[in-house]
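This report covers a helix packing, a ligand site and several individual residues. The sequence and coordinates come before the discussion.

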Amino acid sequence: MKVIKNVLQMQRIALKHLKDDDEIGLVPTMGALHDGHISLFLKSKKNDDVTIVSIFVNPVQFGPDEDYLKYPRPIKKDLEICKKNHVDYVFMPSVNDMFSQNHRTFTEVKTMQDILCGHFRPIHFRGVATVIVKLFNISYANRAYFGMKDFQQLKIIEKMTKDLNFRTKIISCPIVREKNGLALSSRNSYLSVDERNASVNISKILKEAMQDFKHKDLVSVKKNTLDKLQRIINSKIDYAEVVNFNDLSIADKNTKKAVFVVAIWIGKTRLIDNIVMTKQSTK
Ligand code: AMP
């Protein structure tokens with residue numbers, strides 16, 4: 001495993017692999033790696049000749065009052081995890097190398113970037129889309145791996161990739177959860193024991209919504225779910241919405257494949273989760 005800290009060097013290495021006809025897989029992360037990230041590495045290891053994991057806490061996707069500075073950065077442990085999972089390259093650029101003082105170019109995915117999390121984090125998806133474009137151009141990836149955990153992010157990246165004709169294929173990967181259902185997240189480390197116990201209810205409630213959606217009407221599923229989420233101790237809901245799987249538009253009674261997406265504060269920690277829901281076939 002090689003650790004590359006320089007943009008040009010990573011680009012040269014990736015270009016060499018491209019010329020050798022190696023298929024390159026990219027897994028963009030912000031580090032504090034857990035089994036959710038590892039599931040992405042393993043998928044790339046299966047599909048690609050070369051797996052590049054980027055670890056970069058991207059400043060341009062954090063708002064001024066967000067957790068950029070306190071975001072966990074356990075570099076030594078992360079490198080051990082990458083090594084153990086046979087990652088070929090860990091790309092860990094510095095902030096200055098990725099975003100010079102004079103950086104002026106940003107990528108926007110209109111409308112999709114402004115709803116759900118975008119409503120509460122106005123510059124977030126512009127920052128995400130921009131860093132992903134840069135990582136695509138640095139890694140020459142044939143495939144890039146994203147978790148369904150960040151469903152809005154996944155849909156935005158898919159759209160951007162299509163709109164801008166990137167050659168990189170987006171591979172979506174299922175949410176990895178703890179046994180109790182809590183979706184793994186680097187931010188779970190902020191939770192106290194009591195908050196963690198409260199957080200477990202989010203996935204339980206979403207699972208019940210998924211069951212109800214099969215045969216109940218959308219309005220009642222939404223209302224019941226919202227009621228239950230509001231009863232979680234020490235919580236504040238940013239949004240709890242049902243959207244179409246394909247394009248994040250608000251679901252209606254005709255929607256067959258939907259996603260219940262939530263963002264919820266547990267104490268001072270903002271958690272997101274979602275569940276895919278499909279109507280029961282009447283045949
Ligand atoms: P992050 O380091 O939080 O930026 O996440 C990097 C990638 O890992 C993103 O594509 C996430 O969607 C994905 N990811 C994070 N948590 C999980 C999880 N619990 N299951 C699957 N993928 C995840």
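A polar contact is a pair of N or O atoms within 3.5 Å. The model discussed here is predicted.

**Ligand site**

A backbone N or O atom of Val176 lies 2.8 Å from a nitrogen atom of the ligand, which falls within the 3.5 Å limit for a polar contact. Leu184 also uses a backbone N or O atom, placed 2.9 Å from a nitrogen atom of the ligand. His37 uses its side chain: one of its polar atoms is 2.9 Å from an oxygen atom of the ligand. There are 17 residues around the ligand, and those that come nearest are His37, Gly147, Asp150, Val176 and Leu184.

The three atom pairs are listed below.

| Residue | Atom in the residue | Atom in the ligand | Distance |
|---|---|---|---|
| His37 | polar side-chain atom | oxygen | 2.9 Å |
| Val176 | backbone N or O | nitrogen | 2.8 Å |
| Leu184 | backbone N or O | nitrogen | 2.9 Å |

His37 also appears among the contacts of Ser186. Ser186 sits in the loop between strand 6 (169-173) and helix 8 (193-213). Its relative accessible area is 8%, so Ser186 is buried. The side chains of Ser186 and Tyr71 form a polar contact at 3.5 Å. Beyond four places in sequence, Ser186 is in contact with Gly31, Ala32, His34, His37, Tyr71 and Pro72.

**Helix 1 against helix 6**

How do the axes of helix 1 and helix 6 cross, and at what angle? Helix 1 spans residues 7-19 and helix 6 spans residues 124-139; their axes come within 7 Å and cross at roughly 50 degrees. That angle makes helix 1 oblique to helix 6. On the helix 1 side the contact involves Val7, Met10, Gln11 and Ala14, and on the helix 6 side Asn137, Ile138 and Ser139. By class, the residues of this contact are four nonpolar, three polar and no charged.

Two residues of this contact can be followed further. Met10, in helix 1, has a relative accessibility of 1% and therefore counts as buried. Setting aside neighbours within four places in sequence, Met10 is in contact with Ile4, Ile52, Tyr89, Phe91 and Ile138. The C-alpha atoms of Met10 and Asn96 are separated by 15 Å, with the two residues 86 residues apart along the chain.

Ile138, in helix 6, counts as buried because its relative accessibility is 6%. Its contacts, again without neighbours within four places in sequence, are Val7, Met10, Gln11, Ala14, Phe91 and Met98. Phe91 is thus listed for Met10 and also for Ile138. Ile138 and Ile4 are 134 residues apart along the chain, and their C-alpha atoms are separated by 12 Å.

**Positive phi values**

Most residues other than glycine have a negative phi. Which kind of phi value does Leu116 have, positive or negative? Phi of Leu116 is near 50 degrees, a positive value. Leu116 belongs to the loop between helix 4 (95-98) and helix 5 (117-120). With a relative accessible area of 10%, Leu116 is buried.

Phi of Tyr140 is likewise positive, near 50 degrees. Tyr140 is in the loop between helix 6 and strand 5 (143-147). The relative accessible area of Tyr140 is 24%, which means that this residue is partly exposed.

**Asp48 and Gln230**

Asp48 is in the loop between helix 2 (35-47) and strand 3 (50-55). Is Asp48 buried or exposed? At 8% relative accessibility, Asp48 counts as buried, since the cut-off for that class is under 20%. The side chain of Asp48 makes a polar contact of 2.7 Å with the side chain of Tyr145. Apart from residues up to four places away in sequence, Asp48 touches Glu23, Ile24, Gly25, Arg143 and Tyr145.

Gln230 is part of helix 9 (residues 218-230). Not counting neighbours within four places in sequence, Gln230 is in contact with Ser235 and Ile237. Gln230 and Pro93 lie 41 Å apart, C-alpha to C-alpha, and 137 residues apart in sequence.

Definitions and conventions: Residues are numbered from 1 along each chain as its sequence is written. This is a predicted model: local features need pLDDT of at least 70, side-chain atom pairs count only at pLDDT 80 or more; totals for chains, interfaces and linings use all residues. Side-chain values use heavy atoms; hydrogens and water are left out. Axes are lines fitted to C-alpha atoms, for helices over the stretch in contact, and angles run from 0 to 180 degrees between N-to-C directions. Helices (H or I, at least four residues) and strands (E, at least two) are DSSP runs, numbered from the N terminus. Angles under 35 degrees count as roughly parallel, over 145 as roughly antiparallel, 65 to 115 as roughly perpendicular and the rest as oblique. Contact means heavy atoms within 4.5 Å. Ala, Val, Leu, Ile, Met, Phe, Trp, Tyr, Cys and Pro count as nonpolar, Asp, Glu, Lys and Arg as charged, and the others, Gly among them, as polar. Buried means under 20% relative accessible area, exposed over 50%, partly exposed in between (1.4 Å probe, protein chains only). A residue is near a molecule or strand if one of its heavy atoms lies within 4 Å of it. A polar contact is a pair of N or O atoms within 3.5 Å; within protein, one must be able to donate a hydrogen and the other to accept it, and residues adjacent in sequence count only if both atoms are side-chain atoms.
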